[in-house]
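Q: Got a minute to go through this one with me? I'd like to start with a term and then wander around a bit.
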2 protein chains.
Amino acid sequence: MGGDFGPRCIVPACISFLKSHPAVKLVLVGEVGLIRPCLDSYRFDSSRLHVQTASQVVGMAEKPSRALRGKSDSSMKVALDLVAGGQADACVSAGNTGALMAFARQTLRMLPGIERPAMYTLLPVSNGQCVLLDLGANLDCTAQHLYQFAHLGAAVAAAHGVVAPRVCLLNVGTEDVKGVLAVQQAAELLKASTINYAGFVEGDGVFRGEADVVVCDGFVGNVLLKSSEGLITMLLRELEAGRLGSNFFRMLAQPLLSQLKDEVRPDKRNGAGFLGLHGVVVKSHGNADGAGFQSALARAVTAVENDLMGRMAQQLISLQGGSAHQV
Amino acid sequence: MGGDFGPRCIVPACISFLKSHPAVKLVLVGEVGLIRPCLDSYRFDSSRLHVQTASQVVGMAEKPSRALRGKSDSSMKVALDLVAGGQADACVSAGNTGALMAFARQTLRMLPGIERPAMYTLLPVSNGQCVLLDLGANLDCTAQHLYQFAHLGAAVAAAHGVVAPRVCLLNVGTEDVKGVLAVQQAAELLKASTINYAGFVEGDGVFRGEADVVVCDGFVGNVLLKSSEGLITMLLRELEAGRLGSNFFRMLAQPLLSQLKDEVRPDKRNGAGFLGLHGVVVKSHGNADGAGFQSALARAVTAVENDLMGRMAQQLISLQGGSAHQV
């Protein structure tokens, strides 16, 4: 029900996704009266697509605390209940991020030692990718929160196959005195932990590939991710429109631009995973189109198929076992 | 004396700059024993290049409060004194940002109603550019600080010729409830002001050109700017190295890439201006190379030649005259 476009975007994306992922079954949770009409014009295997009624919708501008109190039959809450009850393996939502986090925290249990779920993505950087977290689930973070995110990030990087991932705190400089108090205190906590802490990283260092895990509060991470996506989209558009470079050179470069677009365009990477919960929850951008929403669905499927949460929880336990401070 | 490379990078950059800017005179402030040897291998017009002794250097990792107390004969402070005393029109530094701000605030007077200097740059966005501030001079900002930065940003955009610049607060969503308290409170202040306040903007919206002025705290602005620069540098390198796209397409695209690099590469845009002071102060990236430092020098020269500060102060007075809350 969520996102900027609701069922009219999400339903067709789900139909397409079923075709390209024959092992997957989907449950569409929300107002049947709005979802059914969107399904009418498609042919699909009804054994693989089920509609689950939920009478309420959390608004995109609704306060999470308010949603938590009054929206227990919202599409978001019902979808998470399906995961908690084992009827679904993952929940994907394009809805209100804060409400999704609040409901997820309430419905799915938190991993030991973790107070708040964090959102992460794999950001493409020089010679690889890095785990970036938080992306907006937690706007105000204490040093302890950042410390916990570092453990979540290190665990998920390890679960993705990175050996002793280099964990950095995002900051405005690399010298010890730089940054705000929470970041400085988190650095002290990390120095005394079993994490492979690699110091502060700046915005440019992130893309130079200086870290395998980049830890920051959700406000900063959200701005970093969205501005990067916006910048790539702008560059591709400017190049295509011929506003950068001459027409002749642009014509020669057209095939490269098309390839580039396929490789780096943001909707191909849409979908931020929640960490710290018993269960797979993926948040799609509110403004994602159908292709973008399918990327978020694919991210959830990959996480389930690879038992990412199980392997991550194992990694987390081993990191926590050796860390001096409470995680 | 500052930056990652000191005089051995800055001195040759200054020599080159004198050649390309025949109307400019430069004063190099710092330890004569370190600067003179860097000059030895160059021929230059000594009436246009003067070395001014300063016995101290502010370290890149030094706390600003400490520098302010103990480094009254630092290169940074002496250079600012030259501007305050009218012997120089502008100060350009690649040194410690926090110390530069603290000394600038102490040495050059603040504009009326402005508590702290802010750093800004002109960011290239779709169909133009936008003023982005703060970039790292103020990491912890109250609503009142953000409100003042909005006035500074609107005034400098107007001084650059933008009529009724659209001022936005950078946030993680565009809905009223989104974001941290300081940002929400700043929005309320701006709604009641004479500023052409255009609401919240997200990171992607910045590059879509949704705002003429983007206001945020220095931590977030620093991350946005540096990560954008890092991303562009990465994309250009990956394209050049042929890791994106095929070799054949890449060969065809080579001329476009060279042009693109010239148009968007970060060092061409190096140099963040301080706002809110009586005087032109430009901060060069600590890691800028010679070409980058020359861009910062050029930015200072343009500001002086166009009387940017004078025109900005006029604009600020007219904005403040009509705003309900104290600026």
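A: Sure. Helices here are DSSP runs of H or I with at least four residues, numbered from the N terminus. Bear in mind that this is a predicted model.

Q: Okay, so how far apart in helix α4 of chain A are D81(A) and K77(A)?
A: D81(A) and K77(A) are 4 residues apart in α4 (residues 75-84) of chain A, so about one helical turn separates them. Their side chains meet in a salt bridge, 2.8 Å from N to O.

Q: Is K77(A) buried or exposed?
A: K77(A) counts as buried, because its relative accessibility is 13% and the cut-off for buried is under 20%. Its partner D81(A) is partly exposed, at 31% relative accessible area.

Q: And which residue does E188(A) pair with?
A: E188(A) forms a salt bridge with K191(A), at 3.3 Å from N to O. Both sit in helix α7 (residues 181-191) of chain A, 3 residues apart, about one turn of the helix.

Q: How accessible are E188(A) and K191(A)?
A: E188(A) is partly exposed at 48% relative accessible area, and K191(A) is partly exposed too, at 46%.

Q: Which residues are linked with E188(A) in a network?
A: D176(A) and K191(A) are linked with E188(A) in a network of salt bridges.

Q: What about D204(A), which residue is its salt-bridge partner?
A: That's R208(A), with the closest N and O atoms 3.5 Å apart. D204(A) counts as buried at 9% relative accessibility, while R208(A) is partly exposed at 40%.

Q: How many salt bridges are there over all chains?
A: The count comes to 18 over all chains.

Q: Switching topic: how is chain A divided into domains?
A: Domain 1 of chain A is 1-108, and domain 2 is 117-271 + 298-327. At their interface, 9 residues of domain 1 are in contact with 9 residues of domain 2.

Q: How much area is buried between domain 1 and domain 2 of chain A?
A: About 690 Å², with carbon and sulfur atoms giving 87% of it. On the domain 1 side, F17(A), T97(A) and M101(A) supply 52% of the area buried against domain 2, more than any other three residues.

Q: How many salt bridges and polar contacts lie between domain 1 and domain 2 of chain A?
A: The count is 0 salt bridges between domain 1 and domain 2 of chain A. For polar contacts, the rule finds 0 residue pairs across that interface, taking pairs with both residues at pLDDT 80 or more.

Q: Which elements give two or more residues to the domain 1 side of chain A that touches domain 2?
A: Those are β3 (90-93) and α5 (97-107) of chain A. The most comes from α5(A), with 3 residues. By type, the residues on that side of domain 1 divide into 5 nonpolar, 2 polar and 2 charged.

Q: Now V282(A). Where is its place in chain A?
A: V282(A) is in strand β10 (residues 280-283) of chain A. V282(A) is buried, with a relative accessible area of 2%.

Q: What does V282(A) touch, leaving out residues up to four places away in sequence?
A: Its contacts include C91(A), V92(A) and S93(A), plus G271(A), A272(A) and G273(A), and also A296(A) and A300(A).

Q: And S295(B), where is that found?
A: S295(B) is in helix α11 (residues 290-305) of chain B. S295(B) is buried, at 15% relative accessible area. Aside from neighbours within four places in sequence, S295(B) is in contact with D267(B), K268(B), R269(B) and N270(B).

Q: Last topic, backbone oddities. Which residues does a cis peptide bond join in chain A?
A: A cis peptide bond joins L133(A) and D134(A), with omega about 0 degrees. D134(A) is in the loop between β5 (128-133) and α6 (143-159) of chain A. In chain B, a cis peptide bond joins L133(B) and D134(B), with omega about -5 degrees.

Q: Why flag that sort of thing?
A: Because most peptide bonds are trans, and most residues other than glycine have a negative phi.

Q: So what is the phi of N127(A)?
A: N127(A) has a positive phi of about 60 degrees, although it isn't a glycine. N127(A) lies in the loop between β4 (118-125) and β5 of chain A, and is exposed at 68% relative accessible area. A164(A), also not a glycine, has a positive phi of about 45 degrees, and its place is in the loop between α6 and β6 (167-170) of chain A.

Key. Residues numbered from 1 in each chain as written. Chains lettered and ligands numbered in written order. Predicted model: local features only at pLDDT ≥ 70, side-chain atom pairs only at ≥ 80, totals over all residues. Heavy atoms only, no water. Domains from an automatic or database assignment. Contact = heavy atoms within 4.5 Å. Buried area = accessible area lost by both parts, 1.4 Å probe. Salt bridge = Lys/Arg side-chain N within 4 Å of Asp/Glu carboxyl O. Polar contact = N/O pair within 3.5 Å; in protein donor to acceptor, adjacent residues only side chain to side chain. Nonpolar A, V, L, I, M, F, W, Y, C, P; charged D, E, K, R; others polar. Buried < 20%, exposed > 50% of the residue type's maximum accessible area, 1.4 Å probe, protein only.
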